[in-house]
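Got your viewer open? Keep the selection tool handy and let's walk through the model one stop at a time.

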Amino acid sequence: MEKYDVIIIGAGVTGTAVARELSRYQIKTCVLEREEDVCCGTSKANSAIIHAGYDAEPGTLKAKLNVRGNLLIGELAEKLDFPFKRNGSLVLCLDEKDYPNLQKLYEKGITNGVKKLRILNHDEVLEMEPNVSENVYAALYAPTGGIVCPFNMTIAFAENACVNGVEFRFDTEVLNISRISSGTENWKIETTSGTYETKCIINAAGVYADRFHNMVSEKKIHIIPRKGEYCLLDKSAGSHVSHTVFALPGKFGKGVLVTPTVHGNLLIGPTAQDIENKEGTNTTQEGIDELISKAGSTVKGLPIRQVITSFAGLRAHEDGDDFIIGEASDVQGLINAAGIESPGLSSVPAIGVAVAELVRDKKIDG
């Protein structure tokens, strides 16, 4: 039985960010991942957006960690050499009667601590982005918004963690978690490639984080896979917009966006559909039609013939509609980084720091 001070379940962007931060300490750390490489789950199929932080409800973990993560990402990208660009974002208000909602979004952003936010009028928006809808009444402009490559970002975190001594075990699916024996604080983790022992577990398992939490906690959590479908357009379409263009948020989040990518393509998406299947990443004609229609309402002349692929990803939506970060209240030694949906990618540098500090405060000796 291999023994570690800390075991992280999940090698997505959250797990690898935590691993990188933990590698600063004299702690023996291992990451267990059921897939053959990092970034094979939620982290590989998302909008690749670094949100400014105006959308989350003030006071939530999403709000606090989004703004902190946004501030950290530029330095991280430079240090770890992954592509990132602050291209700025626009949230379009297409009808004067919806303007109060845009104003509320601005006020949320100010409360959350987002810098340089301002509201643009019709002419200012079209001067900045000539291809947005002529119907635009106003827009919220957030210059601190950005775009990133989730693959490169996750790989950079993992490589840096590995160089600093963190071990990774791929093709290793966690089957069961239990105490070594009654009266002990150490955990036994049974996997498809052997059994591990650890003092502390970091649960960063994406849409499966509820499964592992609920194995050992009486205070259950429930994560719904929220499917989002996307279309990726050829690089010939990459300059159709230069900013990330959103519609005003609705019940299921930020809606369909149109954005350039750091690699020069154009991305539209996502849809939002709650499903039961945690592996349900199939695309549908209905979903693709929906996102093309919605994207077309905010950006005119979309060169849809330039679509080169479509794909779908799953967001780990927790019933409480916020991140769950911290030690389980009734289970010592289990630290959750669960419910990491949008703005998870934006928040993850700050999530990594926060979780590593929780481990440090537990005074786990290496």
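Which backbone oxygen lies 2.9 Å from a polar atom of the side chain of asparagine 265? Select leucine 233: the oxygen belongs to its backbone. Before we go on, keep in mind that this is a predicted model.

**Stop 1: asparagine 265**

Stay with asparagine 265, which sits in the loop between β15 (257-260) and β16 (266-269). Is it buried or exposed? Asparagine 265 has 9% relative accessibility, and buried means under 20%, so asparagine 265 counts as buried. Now show what it touches: leaving out residues up to four places away in sequence, you should get Leu232, Leu233, Asp234, Lys235, Gly238, Thr259, Pro260 and Ile308. Next, pick the C-alpha atoms of asparagine 265 and serine 236. They are 7.4 Å from each other, although 29 residues apart along the chain.

**Stop 2: the aromatic pairs**

Color the aromatic rings for this one. How many aromatic pairs does a search of the whole structure find? The search turns up five, and we'll visit some of them. A pair of rings is described by the distance of the centres and the angle of the planes.

Zoom in on phenylalanine 82 and phenylalanine 157. Their ring centres are 6.2 Å apart and the planes are at 80°, so this pair is edge-to-face. Phenylalanine 82 belongs to the loop between α2 (61-80) and β4 (84-85), while phenylalanine 157 is in helix α5 (residues 150-163). That makes it a link between distant parts of the chain, 75 residues apart. Both phenylalanine 82 and phenylalanine 157 are buried.

Now switch to tyrosine 230 and phenylalanine 311. Here the centres are 4.9 Å apart and the planes are at 10°, so the pair is stacked. This pair also links distant parts of the chain: tyrosine 230 is in strand β13, phenylalanine 311 is in strand β18 (residues 307-318), and they are 81 residues apart. Tyrosine 230 counts as buried, at 3% relative accessibility, whereas phenylalanine 311 is partly exposed, with a relative accessible area of 24%.

**Stop 3: asparagine 46**

Keep those two rings on screen and add asparagine 46, in the loop between β2 (29-32) and β3 (49-50). Leaving aside neighbours within four places in sequence, asparagine 46 is in contact with Pro150, Tyr230, Leu267, Phe311 and Leu345. Spot the stacked pair in that list? Now look at the side chain of asparagine 46. One of its polar atoms is 3.0 Å from the backbone oxygen of serine 43, and the side chain also reaches the backbone nitrogen of alanine 48 at 2.8 Å.

**Stop 4: charges over rings**

Show arginine 179 and tryptophan 187 together. The charged end of arginine 179 sits over the tryptophan 187 ring, 3.7 Å from the ring's centre. Then try lysine 278, which lies over the face of tyrosine 208, 5.8 Å from the ring centre.

**Stop 5: helix α6 and the loop after**

Select helix α6 (residues 209-216). Its buried residues are Ala209, Asp210, Phe212 and His213. Look down the axis of α6: these residues fall within an arc of 165°, so they line one face of the helix. They pack against β1 (2-9), β10 (174-179), β12 (194-203), β13 (223-233) and β20 (334-338).

Move on to serine 217, in the loop between α6 and β13. Serine 217 is buried, with a relative accessible area of 0%. Its side chain makes a polar contact of 2.8 Å with the side chain of aspartate 330, and a polar atom of the serine 217 side chain lies 3.0 Å from the backbone nitrogen of lysine 219.

**Stop 6: helix α3**

Last one: select helix α3 (residues 99-112). It has 14 residues and reaches 20 Å from its first C-alpha to its last, close to the 20 Å expected at 1.5 Å a residue. Which residues of α3 are buried? They are Leu102, Leu105, Gly109 and Asn112. These cover an arc of only 85° around the axis, which puts them on the same side of α3. Their cover includes α2, β5 (89-93), β6 (118-121) and β7 (138-142). Spin the helix to the face turned away from the buried side, and you'll find the exposed residues Lys104 and Thr111. Finish just after α3, where glycine 113 takes a positive phi of about 95°.

Technical notes. Residues numbered from 1 in each chain as written. Predicted model: local features only at pLDDT ≥ 70, side-chain atom pairs only at ≥ 80, totals over all residues. Heavy atoms only, no water. Buried < 20%, exposed > 50% of the residue type's maximum accessible area, 1.4 Å probe, protein only. Helix = DSSP H or I, 4+ residues; strand = E, 2+ residues; numbered from the N terminus. Arc of directions from axis to C-beta. Contact = heavy atoms within 4.5 Å. Phe/Tyr/Trp six-rings, centres within 6.5 Å; stacked < 30°, edge-to-face > 60°. Lys NZ or Arg CZ within 6 Å of the ring centre and 35° of its normal. Expected span 1.5 Å × (residues − 1). Polar contact = N/O pair within 3.5 Å; in protein donor to acceptor, adjacent residues only side chain to side chain.
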